[in-house]
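Subject: Structure for you to look at

Hello,

Please find the structure below, as agreed. My notes follow it.

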Amino acid sequence: MAMTVLKVALYILLAPILGGLMEGLDRVVSARMQGRQGPPLLQPFYDVYKLLAKQTTVVNSIQILFVIAYLIFTIFTGSLFFGGGDMLLVFFALSMSEVMMVLAAYSTNGPYSALGANRELLQMMCYEPMILLVAIGFYEVSGSFMVNDLIKVDSPAVFKIPGMLIGFLFILTIKFRKSPFDMSTSHHAHQEMVKGLTSDISGNNLAFYEIAEWYDQVLMMGIVAMFFICKNPVSIIVAIVACVIFYLMETLIDNVFPRVKYMAMLISSWVVILVAAGTNLLILSVLD
Amino acid sequence: MFLVKKASLLRNLIAVVGGFSIMATAIMVGIRVLSMKGVTHNTYLTNTEAIDHVIMGGEILLMCIVFFLSIKYKKYYAILLSLIGTVPVLWMDLSGNAVEGFAHLRVDFLSAVMILIVGIVGILICIYACGYMKDYHHHHTEVADRSNYFLALLFVFVGAMFGLIVSDNLGWIYFFWEITSVCSFLLIGYTRTEEAVNNSFRALWMNLLGGCGFGFALMVANMHFGIANLSQLTSIVPRQNMFVMVPVTLMAFAALTKSAQFPFSRWLLGAMVAPTPSSALLHSATMVKIGVYMLIRLSPMLKGTFTGVMITVIGGFTFFAASLLAITVSDGKKVLAYSTISNLGLITACAGTGTTEGVWAATMLILFHAVSKSLLFQTVGDIENCMHSRDVEDMHGLIIKLPKLAFIMIIGICGMFMAPFGMLVSKWAALKSFVDSNSVWLVLFLVFGSGSTLFYWAKWLGKICTVIHQSYELEDITPRSEMISLVPLTSMIVVMCFAFPWMSDHMIQPVLNEAYHKNIPNVIGGSDVVIMMIMVAMIFIIPIGSRFLAIGKKSKMTMSYVAGVNAGDDRHYIDSFGKERPLYMSNWYMTDYFGEDKLLAPSIVISAIIVIVMLIIVVGGAF
Amino acid sequence: MKISKSPWVLHYDGSSCNGCDIEVLATMTPLYDVERFGIINTGNPKHADILLLTGGINAQTAPVVRQLYNQMPDPKVVIACGICSCDGGIFKDCYNILGGSDKVVPVDVYVPGCAVRPEALIDGVVKALAILEEKRVKVKESMKQGYCTVDYSKIAVRMKAEDYDPATQYDAVLTEEALREQAEQKIAQTAKPAPKPATPAAAPAAKPAADAAATKEGGNA
């Protein structure tokens, strides 16, 4: 019990730091890929500090409520995961927090926000199946949905469910709002719909949103790490290395691909999920 | 009695008082059964000759009603189906082939749960109908006011439901089954417009087809097995006697038509033409629930059989296809209809697996779905009365226009898909049962289906939550009698969120123990319950907390960003000629990809093939 | 930590010949790389700290510039880029040009040039950062007074082409600072700070703000 509390506390304290550093790293590496020097590593922290210091403008007061709910539920989701909770519940809480963000955008009644909200919902429709399938994949490996049981398996999950990992990495691009699929909002200036989802969010609220995104990123990388972690303590190092590699891979994808249309995203993600994860699941069920 | 009374205060009073007394009785019966642990009441009525004659007469009467209306509207195929269904059963009864000597009535835990649903939700809908029909005829002057007849039908319907739930004799169940078919047919055809008549006949022939299946199942059970009641049929072990799957399959087929699975789902969509209370009744508490109730009864038999697999495939496919179709429609009631079909698909699939988790999830889903969906239907009906439209797009900014109804609607929608609310908990159990029963296709249907479910609910929720500047509040003309129905349902959703561990222990677990004749371990673990409770608590604490902490009090109000040409109210922009133009962002419907004209026909064909294959293999294979 | 470490820029083209705009974009290329200073071109006034204006202001763009400025959260600075934006430049005497950006919004930094050189532009932004820091201190103090709750959402700048009168129109329009002064006066008049100050009524070209629903919204958290 004390261990769980400690883990959750560590997550709540360290995740924003780690998430901010990850984003800073992403920006630096992106800049280097484009032949620029790029911002300092700590730039995301400067940004959030500035946003917190600024005045907050809102379109209506419900908006604030939804953004705060988004932050709280994201933290809750992450705590559930790192506290060793039930995988399916983690993902249900995750989709709930995402819906909160979409509602924040909807409530503003701005055209760019509304478009961003619709696109975000479509993105959720794309990655939702895969996220549930990952939970099922882990269940097939360890016979339990609990994260605590999964980290005690004999051999890393990736040996049994490589297809799930491929599918998950594919939707990770959507989840991180990286380039071929950064439709609802993006970190870059080349956005045809201003900032989409966050167009009408500013000041403190935008800072909360950014922090929630950091928590979310750490959670996602935690799920990637789950594919590699097993009883053997060495596996933790392997998992960290894998996380770094996959994160940098996402940065590379971001810089290489142009944005696609939404239908291309829906079809490609569903096909990849069906082929990679679906086949994986089929094989597992045949083997059983 | 209702036929006599004119539309008046007196009528409403009688309906409310009568309704509440029925509800009170239902609750009392339900609670008494639930509090008596593990006792099933089988009642054998010795002197049933008179009742049997009444039932026989009733069946002939129903057949006559169908005859008369079919001839009136020149739809002769309905007569044929009615004949095929009723005549053999009558012949069996009259020729003395029917088996006697078994219990007629049975009240057990599953019946108790269903009695609670029908008693509370069904009666609330009837009460709601009193106020609603007055407004309805106020707006639709072209429709002849037959609201007395309408209310009477609603009560007959609910009565038939009670009868069906507590009957154990297959012949009795068949009689009540046919009553609900004919009642729904009459309710759908209430407005007597051409569309209504066509849709009502579609409902009739589909349900009569299911009735035929049931009738044959009844005959096989009586004449081959010498069994006249359901509980004995379900206690036969299928492995010892493969032929028993024939009546089971036929009954499952009947259940599929009743719960509007593909390929029989079009009658449910057609039922939208009727006034809202009848669609609420058909969709939430009664009609469609009979089908899944029957499947849950049969569920222990279906485990691991070919029929079970086919039923789960049809259910899973329906869940997925209907949720895709729900994305493309903007008519509020139609979205609800598709969502009903898709949820019933999930329940069917759960029951089809035959595992304990499956039945647990199915029963939970029935409970939560009945409450949330009837609430949503009633709210949409009220919104239609206030705004003269039930289109989702017209609900833009509802939270400003009709705050009270919008709030109820938000709770209803959240109940349908959000995390701590009941539906998702049940979905969670469903997923577990699918994985345990090793059905990969079902898992895939479920995960992709829940993706699209999320999409269509969230975009509706978004439309409601939009805050429009300089909008005005519409007059809320919802009568108090409707609020009598809406408020309890809303609070029930909230209470059920907190109470579901208790419900699981005291309502669902006994059902499982009873169905599987043994004690089974708890489906839902203790720590998960705690976590879910935290989530529910958070949902309610966040808004209250943010109010107390005065978060955002210092924020500055601005207009939404419209590229600097916002005309001041977020709904107009100034174009390059300096003119004001309206600005409106509609939701996505993606009709080009998932439209009804593209998806509906193929999915009906595919599922029809599955059903036919199932019938041929099981029924044909047995001979 | 200073907030000037992360200035986000909103770039708006008043009626420029696009010369300056190309130079603005040039600052983001690998050669100049303004992201070194944390500068991002946001394209959204609600996220921006610095409003970067190019070109002179005409009848069409005047209301737009003002609306963008109003939607930016405090503290904020305005940079006029290029000579046209500073005072109208070679288009100054054109029939449709009102003059420089300072005709519609208060400009903090003037960066002349035709077209403006990227080096000068970066220098201007760095100067603006110092002003941003100054303003932030002021805003922090004034936020304690509580006047930021003024509901500006009803103040739309409506302007049609025929309304155009370069001599009087825009000098008379109040900037947000002026609106705030009015609000401050109002607060000073009442003994205790009102929890919900009324929208300044005297704002010209403002829409009537008496809207029950929106006022209610303003009070809710």
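In what order do the strands of the open sheet of chain C lie, and is the pairing parallel or antiparallel? The order is S2-S1-S3-S5-S7, 5 strands in an open sheet, and the pairing is parallel. Please keep in mind throughout that this is a predicted model.

Chain C: sheet and helix

At the edges of that sheet are S2(C), residues 40–41, and S7(C), residues 109–111, each of which pairs on one side only. As general background, strands of a sheet pair through backbone hydrogen bonds, either parallel or antiparallel.

The pairing of S3(C) with S5(C) (residues 77–81) is parallel and has 5 bridges. Within it, Leu51(C) has Val78(C) as its bridge partner, and Leu53(C) is opposite Ala80(C). On to the edge strand S7(C): S5(C) is joined to S7(C) by 3 bridges, again in the parallel sense. There Cys81(C) faces Val111(C) as its opposite number.

Is S5(C) enclosed or open? It is largely enclosed by the rest of the structure, because 5 of its 5 residues are buried. Val77(C), Ile79(C) and Cys81(C) point one way from the strand, while Val78(C) and Ala80(C) point the other way, and all are buried. Two of these residues also appear in the pairing with S3(C): Val78(C) is the partner of Leu51(C), and Ala80(C) stands opposite Leu53(C).

Helix H1(C), residues 19–26, lies across S1(C) (8–13), S3(C) and S5(C), and runs at about 140° to S3(C). Its buried residues include Cys20(C), Asp21(C), Glu23(C) and Val24(C). These are on the same side of H1(C), because they cover an arc of only 160° around the axis. In general, an α-helix has 3.6 residues a turn, so residues three or four places apart point the same way.

Chain C as a whole

Chain C has 7 helices and 7 strands. Along the sequence they come in the pattern β-α-β-β-β-α-β-α-β-β-α-α-α-α. The chain has 221 residues, of which 50% count as buried. Of its contacts with a separation of 6 or more, 81% are between residues 24 or more positions apart.

Confidence

For the complex, the predictor gives an ipTM of 0.93 and a pTM of 0.87. For chain C, the average pLDDT is 71, and 63% of the residues score at least 70. Which elements of chain C have the lowest and the highest mean pLDDT? The lowest is that of helix H5(C), residues 169–172, at 34, and the highest is that of strand S3(C), residues 50–54, at 92. In residues 147–176 of chain C the pLDDT is below 50, and the model gives this stretch 73 contacts beyond near neighbours in sequence. A second stretch, residues 191–221 of chain C, also has pLDDT under 50. Beyond four places in sequence, residues 191–221 have 59 contacts in the model.

Chains A and B

How many residues of chain A are in contact with chain B? There are 57, and they touch 48 residues of chain B. Elements of chain A that give two or more residues to this side are strand S1(A) (57–58), helix H3(A) (62–82), helix H4(A) (87–107), helix H5(A) (111–142) and helix H11(A) (262–287). H5(A) provides the largest share, 17 residues. By type, the residues on the chain A side are 37 nonpolar, 16 polar and 4 charged.

The two chains also share strand pairing: S1(A) pairs with S3(B), residues 556–557, in the parallel sense over 2 bridges. In this pair, Val58(A) is opposite Met557(B).

One residue of chain A

I also looked at Lys160(A), which lies in helix H7(A), residues 157–160. Is Lys160(A) buried or exposed? Lys160(A) counts as buried, because it has 20 C-beta neighbours inside 10 Å. Leaving aside residues up to four places away in sequence, Lys160(A) touches Val141(A) and Leu284(A). Between the C-alpha atoms of Lys160(A) and Gly137(A) the separation is 8.6 Å, with the two residues 23 apart along the chain.

Regards

Note on methods:
Residues numbered from 1 in each chain as written. Chains lettered and ligands numbered in written order. Predicted model: local features only at pLDDT ≥ 70, side-chain atom pairs only at ≥ 80, totals over all residues. Helix = DSSP H or I, 4+ residues; strand = E, 2+ residues; numbered from the N terminus. Buried ≥ 20, exposed ≤ 12 C-beta atoms within 10 Å, placed from the backbone. Contact = placed C-beta atoms within 7 Å. Nonpolar A, V, L, I, M, F, W, Y, C, P; charged D, E, K, R; others polar. Pairing = 2+ DSSP bridges. pLDDT = per-residue confidence, 0-100. Axes fitted to C-alpha atoms, helices over the stretch in contact; angles between N-to-C directions. Arc of directions from axis to C-beta.
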